[in-house]
Amino acid sequence: MLLRSAEETTGFMKILVVAGARPNFMKIASIIGAIQSHNQSAPHPIDYILVHTGQHYDEQMSRTFFKDLAIPKPHFDLEVGSSSHASQTAEIMKRFEPVLLKERPDVVLVVGDVNSTVACSLVASKVTYPQLERSERTRPLIAHVEAGLRSYDRSMPEEINRIVTDAIADLLFVTEQEAKENLIREGVGEEKIQFVGNTMVDTLLKHRHAAQESEILSRLGLKTNSQSSSERNRGYGVVTLHRPSNVDDADTFRQIVEALATVANELPLYFPVHPRTMKRIEESGLEGFFTFVSAQAEVAPRARTIHCLEPLGYLDFLCLMSNAKLVLTDSGGIQEETTVLGVPCVTLRRNTERPVTILQGTNVLGGTRKEDIIHHALNKLNQRIEKPRRPNFWDGQAGKRIVEFLSQRLSG
Ligand code: UD1
C-alpha cells in the first residue's frame, strides 16, 4: 500500500492531497505543480503527501493520466477498486484513517465530487491526532477544491458528495461566482470561501499545445499527413457518456443512443467509452448502433456512424476534443474544457452544476430525450465556430492561488 516513503519532514506545513478517480487527476496535477514551484523559491517549503485511493485503478482510467500529466508516483495507493457506493466509500474511509494518523498533515486537500472526496473528508473531520511536538492541531484542516457547485439534483451521487464535503470542509475553493453564492445561501461563512479559479483549466492550458502533437487524429484517419498540426480539422464530433442516470436506465440510454445515431448521419462521432457504459452497451443489445474501432490502430475514417473507442489518455482526448466541431457529453469537466477551447458543447443532462459554462461559455443543456438532443445538436452544428471563453480566473493560475493562500493561512 505504501509506494514511496514520505520525504523527511522539513517544511513548515504538510498537505495531504487525495485523488481517486479520473477527473481528479487533472485537478491535483495543477496543485502538486504549484507546490513544487512554491518550493523552488519560497523560504519555507511545503511537504506534500499524495494518496491515490484506487477508486479508478486501471491503465486507461488512471495510470495513463499520471504519465501524461507527469504526476509523481503516489506515496500511498489504497487500492480500493470498484464496488457499491456504500462499500467503496466505507473501504476508502477504513484504509485512509491509518494513513492520516501516520502522516498527521496540517491540511487534507480533496478535489471534485467523487466518492473518494467525501470519504476522505469525513475521516479527516473526525480524526483526533495524538498530541505531539509538531503542532497544536488535533485534526487537519479540510480544503475542498471545486466547492459550492450544485446541480440541485440529489439523485446524482456527486451532488450528495458535494453537499456533504462542503458541509464539513474548513476551506472552500470555488471555480465560479455562482458556487460562492450557493455556499453563502447554505449559511457558509464568507471567510471560508476563496474564489481561486479552475485547476482543471490550469492543466488544460498547460498541455493544450503538447496535445496537438498527439497522433490520435492520424490514427483515426481524421488528419492526413499533409495537413500541418496547426490546421484544424473539424469534420467530426466527440461523445462521452457515463452518468448512471443516463446509462443505467434502459429507456434513457436508448433515447440518447438513437439521438446520437441521428446526429452521426450529419457528422461522424467518436466516442471513447467509459467502462460502465461499455457494460451497458453489451447488456442492452444496442451494439448495432455502434462501430467498434481501436484508437491504437489505423482505421477507416469518417463513416457516418458512432465510432466507439477505448477510454483515451489525457493528451489524446484533449487533441480529439479541441479539434472537434461538436462535443456531446454528460461529464462536468468537459463542459468547462469545451468552454475554454471554444468548442460547441451539448450537455446530455437536464441540469448543470456549472452554469458559467452556459452563461459565459459554449455549453447548452440538451436534455436526455431523443428529439431534444437532436434539436440542440443540429442547432449547434449550424452555428459558426465559437470563440474560446475565459470565465473569471480561468487563467492557468488557480493551483498557484490555492497554494499561496494555504501557505499564508498556515504561516499566519
Ligand atoms: C466515478 C465518479 C464520477 C466521475 C467518474 C469519472 C463517484 C460517485 N463517481 O464514476 O463522479 O465523473 O468516476 O469516470 O465517485 N472501472 C474500470 N476501471 C477503472 C475504474 C472503474 O473498469 O479503473 C469500472 C468499474 O468496474 C465500474 C465502472 O467502471 O463498474 C464504474 O466505475 P466507478 O468508479 O464505480 O464509477 P464511475 O461511473 O466511473
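Select threonine 240 and then threonine 329: in this predicted model, threonine 329 of strand E12 is the bridge partner of threonine 240. This pair is the starting point of the tour.

**The strands around E12**

Display residues 237-240, which form strand E8, together with E12; the two strands run parallel and are joined by four bridges. Now turn to residues 345-347, strand E13, which pairs with E12 in the parallel sense over three bridges. In E13, threonine 347 stands opposite threonine 329. To follow the connection, trace the chain from E12 through helix H13, residues 332-341, to E13; this β-α-β crossover is right-handed.

Next, colour residues 326-329, the whole of E12, by face. Are the residues on its two sides buried or exposed? Leu326 and Leu328 on one side are buried, as are Val327 and Thr329 on the other, and both faces of the strand are thus covered. In a regular strand, side chains alternate between the two faces of the sheet.

**The complete sheet**

Widen the selection to the seven strands of the open sheet, which follow the order E10-E11-E9-E8-E12-E13-E14 with parallel pairing. Which strands stand at the edges? They are E10 (290-292) and E14 (363-365); each has a single partner strand, so one side of each is left without a neighbour in the sheet. From one strand to the next, the twist averages 25 degrees.

At the E10 edge, select residues 306-309, strand E11, which runs parallel to E10 and is joined to it by three bridges. Within this pairing, histidine 307 of E11 is the bridge partner of threonine 291. Then add helix H10, residues 250-266, which lies across E8, E9 (269-272), E10, E11 and E12 and runs at about 115 degrees to E11.

**Helices H12 and H13**

Return to H13 and add helix H12, residues 314-322. The axes of these helices come within 10 Å and cross at roughly 55 degrees. That angle makes H12 oblique to H13. The crossing of H12 past H13 is right-handed. To display the contact, show the side chains of Tyr314, Phe317, Leu318, Met321 and Ser322 in H12, which meet Ile334, Glu337, Thr338 and Leu341 in H13.

From Leu318, move to alanine 211, which lies in helix H7, residues 199-211. Which residues does alanine 211 contact, leaving aside its neighbours within four places in sequence? These are Leu315, Leu318 and Cys319. Alanine 211 is buried, with a relative accessible area of 0%. A distance drawn from the C-alpha atom of alanine 211 to that of glutamate 186, 25 residues apart along the chain, reads 40 Å.

**Helices H4 and H5**

Select residues 115-126, helix H4, and residues 157-168, helix H5; their axes come within 9 Å and cross at roughly 25 degrees. H4 is therefore roughly parallel to H5, and their crossing is left-handed. The contact is made by Asn115, Thr117, Val118, Ser121, Leu122 and Ser125 of H4 and by Asn161, Val164, Thr165 and Ile168 of H5.

**Phenylalanine 76**

The last stop is phenylalanine 76, found in strand E3, residues 76-77. This residue is buried, with a relative accessible area of 5%. Draw a distance from its C-alpha atom to that of isoleucine 163: the two residues are 87 apart along the chain, and the separation is 27 Å.

Methods. Residues are numbered from 1 along each chain as its sequence is written. This is a predicted model: local features need pLDDT of at least 70, side-chain atom pairs count only at pLDDT 80 or more; totals for chains, interfaces and linings use all residues. Side-chain values use heavy atoms; hydrogens and water are left out. Buried means under 20% relative accessible area, exposed over 50%, partly exposed in between (1.4 Å probe, protein chains only). Two strands pair if DSSP finds at least two bridges between them. A crossover is right-handed if, with the strands pointing away from the viewer, the path from the first strand over the helix to the second runs clockwise. Axes are lines fitted to C-alpha atoms, for helices over the stretch in contact, and angles run from 0 to 180 degrees between N-to-C directions. Angles under 35 degrees count as roughly parallel, over 145 as roughly antiparallel, 65 to 115 as roughly perpendicular and the rest as oblique. A crossing is left-handed if the near helix is turned anticlockwise from the far one by less than a right angle, and right-handed if clockwise. Contact means heavy atoms within 4.5 Å.
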